[in-house]
Amino acid sequence: MRFTRYLVPTLREDPSDAVVMSHRLMLRAGLIRKESAGMYLYLPLGFRALHKITEIVREEMERAGALEFLMPELTSAELWKESGRWEAMGKEMIRIKDRNGLEYALAPTHEEAFTAAVRSIVSSYRDLPLNAYQINTKFRDEIRPRYGVMRSKEFIMKDAYSFDMDEEGLERSYQAMRTAYRNIFSRCGIETIPVEADTGAMGGSNSEEFMVASEVGEEVLLLCAACGYKANQERAEYRRPQAAHVEKMEELHAVDTPNVKTIDELAVFFDRGADEFLKSIVYLADGRPVMAVVPGDREINEVKLKNALGALEVELAPDSVVEEVTSAPVGFAGPIAKKPVRTVFDLSVRAKHNAITGANEKDRHYAGVNPGRDFALNEEADITSAIKSDECPKCGAALDERKGIEVGHIFKLGYKYTKSMNLTVLDENGRAVHPIMGCYGIGVNRTMAAVIEQHNDGRGIVWPMTVAPVQVHLVGIAKSDDEIAAVDEIYDMIMNAGIEVLFDDRKASPGVKFADADLIGMPIRVTVGKSFFKDDEIEVKLRRESEVVRVAKNAFIRHIRGLIEEEWGRLS
RNA sequence: CGGGGUGUAGCGCAGUCCGGUAGCGCACCUGGUUUGGGACCAGGGUGUCGUAGGUUCGAAUCCUAUCACCCCGACCA
């Protein structure tokens, strides 16, 4: 493709609204443009890169035995009502009505659609196991789209759903996907950190997220360098320190604390560390008030809390509920309750002595609070988030904390959809049984952004060979007609060799061309200029290296073929 | 949803306080000279100053409403 006939609108300056590197470079290299917040269009070069990624995904999915489908994007409300997610999905799902008032959702995911499809197509155990997948657009009404294609309202996802007769089958399907995912990401040239994860709104058991470490990552990962434990913060466990030995348990006594409410204020007021307070937060779990009690220096992990309570939904209670439960204004809640309310204590509360907590009375706190003596630890659970330097749950070493972007997620769904939507097949004995499901997603655009996050330098993108829009960037520096014809000939040679090439045939100065070549970042740059016209040598340079190799014309094609193969080999 | 900010040419921005003919750099178009790391000369403005209303002789500028976009936060008592 000739630059002058192609469309590569590179930008010299950073667009002002791009804050992360991948977003900036995608805009500047002319790969994408913003349509509006959270919606991006792909220009031809960007789309080629996206294609390269989807091709890798496709190959690995096929290799793992998955079958490619294409599902409708517009999904009827009926489908979602069957599984109960018409309500559960909430505002994240974009809903629309047709002219007759029929309701639809723009699919944010396709469990229901695939379950219904399989239900109507498959009826025998002989058809299982089945892993059905698609590469398709998903719609989510994100609270706040940001970081370009990293978090957008509309994005491309590879989603796969496996159906097996039993748990052993599911385990095989799951492991096949684990392998496929590792292959996919390594072929794309990105390093991922697989971590244990919560199964979220989808419901299920076993789960692994494929994270890419990044400053702008939206998830926090806890990693153990000693034993390799990896989990995201929603899920990460940690060991609680042993109870410190105390000389003497103080008497429980009330202290006037006029208008002192927050842990920070209390710490100043009492001149004690935040960890010496017990923070008591009132939540509504599926609409019922629940009190969660944790050390003052700890964050409540709502995912863990939800799981501990067996609730579908937990949210902070409004002030009115807090006042009713604690008989006091907000800021003075504590576990020494006047009114009975379900109370969950974090595992670390047990070890606290002579703590301070709200007295469930305006402007008063209790000091000398001792768990077990002053209140019963009826319900204990892990409901706080692990943080940096907490002890690893497996080996006790200090955990490290990193931010990450999720590019893939695999998990065992179980029977949630096959039961709620009544998908059955007949087994060997002619009995109807519910297959067990697994679900496997990859954010394709996000993967592309992750590739760029991991492969760039001060000048621009440094595409890995496997996902580069084209393999070779040919820069022609020709003046006379003869020279132009000579460069054209090289261009034809490359094309005829079946090598993907972008030929910068513009009448621009060399500096402009080199700068654009660096920005766009094709893996191999070929320069045909004075060294060719004088000495018959073509210059070949890898984008990721600075060394320029001069090659004779008759050895040239062989040379770049070798480079392509070599680069490809590094990534498989 | 809360807080902060920004909307002026394709991109980056000035002009707004203090109302008086729409600007700068890059990009772009025409002609010419150049050509190995973002050339130079000459000419050219491609604009609903986000939108709507108001004040005024006169509004990018003041007032009101509204929309969009960006950043931070989203309940830890």
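Visitor: How many helices and strands does chain A have, and what makes a stretch count as one?

Guide: Chain A has 15 helices and 31 strands. Both are DSSP runs numbered from the N terminus: a helix is a run of H or I with at least four residues, and a strand is a run of E with at least two. The model is predicted, so local features need pLDDT of at least 70 and side-chain atom pairs count only at pLDDT 80 or more, whereas totals for chains, interfaces and linings use all residues. Residues are numbered from 1 along each chain as its sequence is written, chains are lettered from A and ligands numbered from 1 in the order in which they are written, and side-chain values use heavy atoms, with hydrogens and water left out.

Visitor: What are the overall dimensions of chain A, and what share of its contacts joins residues 24 or more positions apart?

Guide: Along the principal axes, the C-alpha atoms of chain A fill a box of roughly 95 × 65 × 50 Å. A contact means heavy atoms within 4.5 Å. Among the contacts in chain A with a separation of 6 or more, 69% are between residues 24 or more positions apart.

Visitor: Why is asparagine 354 called buried, and what is asparagine 422 called?

Guide: Buried means under 20% relative accessible area, exposed means over 50%, and partly exposed lies in between, with a 1.4 Å probe and protein chains only. Asparagine 354 has a relative accessible area of 9% and is therefore buried. Asparagine 422 has 48% and is therefore partly exposed. By this criterion, 52% of the 572 residues of chain A count as buried.

Visitor: What is noted about the backbone of these two asparagines, and where are they found?

Guide: Asparagine 354 has a positive phi of about 50° although it is not a glycine, and it is found in the loop between β17 (343–346) and β18 (355–361). Asparagine 422 likewise has a positive phi of about 50° without being a glycine, and its place is the loop between α10 (416–420) and β22 (425–426).

Visitor: What makes the peptide bond from leucine 128 to proline 129 cis?

Guide: Its omega is near 0°. Proline 129 lies in the loop between α5 (111–121) and β7 (130–139).

Visitor: How do you know that β27 and β29 pair?

Guide: Two strands pair if DSSP finds at least two bridges between them. Strand β27 (residues 472–476) is joined to β29 by 5 bridges, so the criterion is met, and the two run parallel. Glycine 476 stands opposite valine 528 in β29. With strand β30 (residues 537–542), β29 pairs in the antiparallel sense over 4 bridges, and threonine 527 stands opposite glutamate 539 there.

Visitor: Why are β28 and β31 called edge strands?

Guide: The open sheet has 5 strands in the order β28-β27-β29-β30-β31, with mixed pairing. β28 (501–504) and β31 (548–552) each pair on one side only, which makes them the edge strands.

Visitor: Why is β29 described as largely enclosed?

Guide: 5 of the 5 residues of β29 are buried, so the rest of the structure largely encloses this strand. Ile524, Val526 and Val528 point one way from β29, and Arg525 and Thr527 the other way.

Visitor: What makes a residue count as near RNA strand B, and which come nearest?

Guide: A residue is near the strand if one of its heavy atoms lies within 4 Å of it. Of the 47 residues around RNA strand B, Arg144, Lys261, Asp518, Lys530 and Glu539 come nearest. α13 gives the most to this surface, with 7 residues. Of the strand's atoms within 4 Å of the protein, 57% belong to sugar or phosphate and the rest to bases.

Visitor: Why does the pair between arginine 459 and RNA strand B qualify as a polar contact?

Guide: A polar contact with the RNA is a pair of N or O atoms within 3.5 Å; within protein, one must also be able to donate a hydrogen and the other to accept it, and residues adjacent in sequence count only if both atoms are side-chain atoms. An N or O atom in the side chain of arginine 459 is 3.1 Å from a base nitrogen of RNA strand B, so the pair qualifies. A polar backbone atom of glycine 529 is 3.4 Å from a base oxygen of the strand, and a polar side-chain atom of lysine 279 lies 3.1 Å from a sugar or linking oxygen of RNA strand B.
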